[in-house]
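User: I'd like to practise reading backbone and packing features off a model. Can we go through a few together?
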Amino acid sequence: MSQSHPRISKAVIPAAGLGTRFLPATKATPKEMLPVVDKPAIQYVVEEAVAAGLDDVLMVTGRNKRPLEDHFDRNYELESALGKKGDAERLAKVQESSDLATMHYVRQGDPKGLGHAVLCAAPHVGDEPFAVLLGDDLIDPRDPLLQRMIKVQQEHGGSVIALMEVAPEQIHLYGSAAVEATEDADVVKVSGLVEKPTAEEAPSHYAVIGRYVLDPAVFDILRKTEPGRGGEIQLTDALQQLAADEKVGGPVHGVVFEGRRYDTGDRGDYLRAIVRLACEREDLGPDFRAWLRRYVTEEMQQR
C-alpha cells in the first residue's frame, strides 16, 4: 500500500567541475555552458527539473562559473536592444532562461567530490527530500525519467537512483548497483553499491546515471563519509550506507531507464547529442538531415 511522503520541490545541480575532458574550450568557459545546438547544456537540465515540478533550483558552483549565474539572470541591455529591433522571437529566447525557475547558488570551495557538492546543499534543502541532477547527463524530455523517480519516492519513501544497463567493459566508468526485482518491471530494490568497479568486481551491469531523488538523511551520512575512490567524498558510498540500513533513511530503489540519454561530459557523445537533437528540430532538421545524408554518402564512397 502506498504511503504519503513530503512533496519534493527542490532540485540540486552540482556544477563545480573543471571540465578537463573539453580543454582547451573549458579553460575560460564553464563546460556546462557549452552549447548543445543553440542552448547551453545546463539549460536543458534546469528545464528537466522544472518539467518535473521542481521550480526551486540550487546550483553548486565553483570558481570561474559566474557565466552560469549570468545565463539565468536578466540581461537588460540585450533585451532592450532586441526590443528596439522588434525581434520578438530572439527576445523570448533570451528571457526564457531567466524565467524558468527560482535559482539559487552556492560555491563548493574545495573540489572534494560529488558527495561534498551535495552536502553543500544541506542548508538550502533542509529536512525534506530533494532531487539531484548532474549537468553532464541530458535526458530527452520525451522520456520523463525524473517524474517517474519522484513517483517511486512518493510511494516508497527513502531514496531513488536512476540506473541504466551498460556493457561489462563500461561499468568501470560508473557506480554499479546490486539489485533485487520488485513488482514493477522498471523498479528494483538496491541492496548495495560500488563506485567504479572493475567488470569482475561489479555486482551487476546496472550503472548509476546522473539522476537521484534523495532522503535528507544522506546529509548526516555525508558529513561522516571519508574520502573514497579518487580521494573524493563519494555520493555512492553514502547511498551504500542507506541501502545497507533502511532505518537510517528508508530504502533505496532504482528506476531502470531505457530511454534516450546523452552524456555531454564525453566528447563523442556530446557531438552525437548535437547531431541527434539538431536532426529532430523542425527549424533545422530538414536541411541538416539532407546535408548529413550527402556527407555520410560521400564519406562512404571515398572509403
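User: How many of the eleven residues of helix H1 are buried?

Analyst: Keep in mind that this is a predicted model. Buried here means under 20% relative accessible area. In H1, residues 41-51, nine of the eleven residues are buried, so the helix is largely enclosed by the rest of the structure. The buried set includes nonpolar side chains such as Ile 42, Val 45 and Val 46, but also Gln 43, Glu 47 and Glu 48.

User: And what is the phi of Gly 53, which follows H1?

Analyst: Positive, near 90°. The general idea is that most residues other than glycine have a negative phi. Gly 53 is a glycine, but this model also has positive phi values at Val 37 and Lys 196.

User: Okay, where is Val 37, and is it buried or partly exposed?

Analyst: Val 37 sits in the loop between S2 and strand S3 (39-40). Its phi is about 65°, although it is not a glycine. With 24% relative accessibility, Val 37 counts as partly exposed, because the buried class stops at 20%.

User: Where does Lys 196 lie?

Analyst: Lys 196 is in the loop between strand S10 (187-195) and strand S11 (206-214). Its phi is positive too, about 45°, and with a relative accessible area of 37% it is partly exposed.

User: What about peptide bonds: which kind is the one from Leu 23 to Pro 24?

Analyst: Again, the general idea comes to start with: most peptide bonds are trans. The bond from Leu 23 to Pro 24 is cis, with omega near 5°. Pro 24 belongs to the loop between strand S1 (10-14) and strand S2 (35-36).

User: On to packing. At what angle do helix H8 and helix H9 pack?

Analyst: About 120°, with the axes of H8 (residues 217-224) and H9 (residues 235-244) 9 Å apart. That makes H8 oblique to H9, because the roughly perpendicular range ends at 115 degrees. The crossing of H8 past H9 is right-handed.

User: Last one: which residues form the nonpolar patch on the surface?

Analyst: Trp 291, Tyr 295, Val 296 and Met 300, with about 420 Å² of accessible area together. To read a patch on a helix, remember that an α-helix has 3.6 residues a turn, so residues three or four places apart point the same way. Trp 291 is in helix H12 (residues 285-302). Trp 291 is also partly exposed, at 40% relative accessible area.

Notes. Residues are numbered from 1 along each chain as its sequence is written. This is a predicted model: local features need pLDDT of at least 70, side-chain atom pairs count only at pLDDT 80 or more; totals for chains, interfaces and linings use all residues. Side-chain values use heavy atoms; hydrogens and water are left out. Patches are made of residues with over 30% relative accessible area and no salt bridge: like charges are joined within 9 Å, nonpolar side chains (Val, Leu, Ile, Met, Phe, Trp, Tyr) within 5 Å. Accessible areas come from the Shrake-Rupley method with a 1.4 Å probe; for residues, only the protein chains shown count as cover. A salt bridge is a side-chain nitrogen of Lys or Arg within 4 Å of a carboxyl oxygen of Asp or Glu. Helices (H or I, at least four residues) and strands (E, at least two) are DSSP runs, numbered from the N terminus. Buried means under 20% relative accessible area, exposed over 50%, partly exposed in between (1.4 Å probe, protein chains only). Axes are lines fitted to C-alpha atoms, for helices over the stretch in contact, and angles run from 0 to 180 degrees between N-to-C directions. Angles under 35 degrees count as roughly parallel, over 145 as roughly antiparallel, 65 to 115 as roughly perpendicular and the rest as oblique. A crossing is left-handed if the near helix is turned anticlockwise from the far one by less than a right angle, and right-handed if clockwise.
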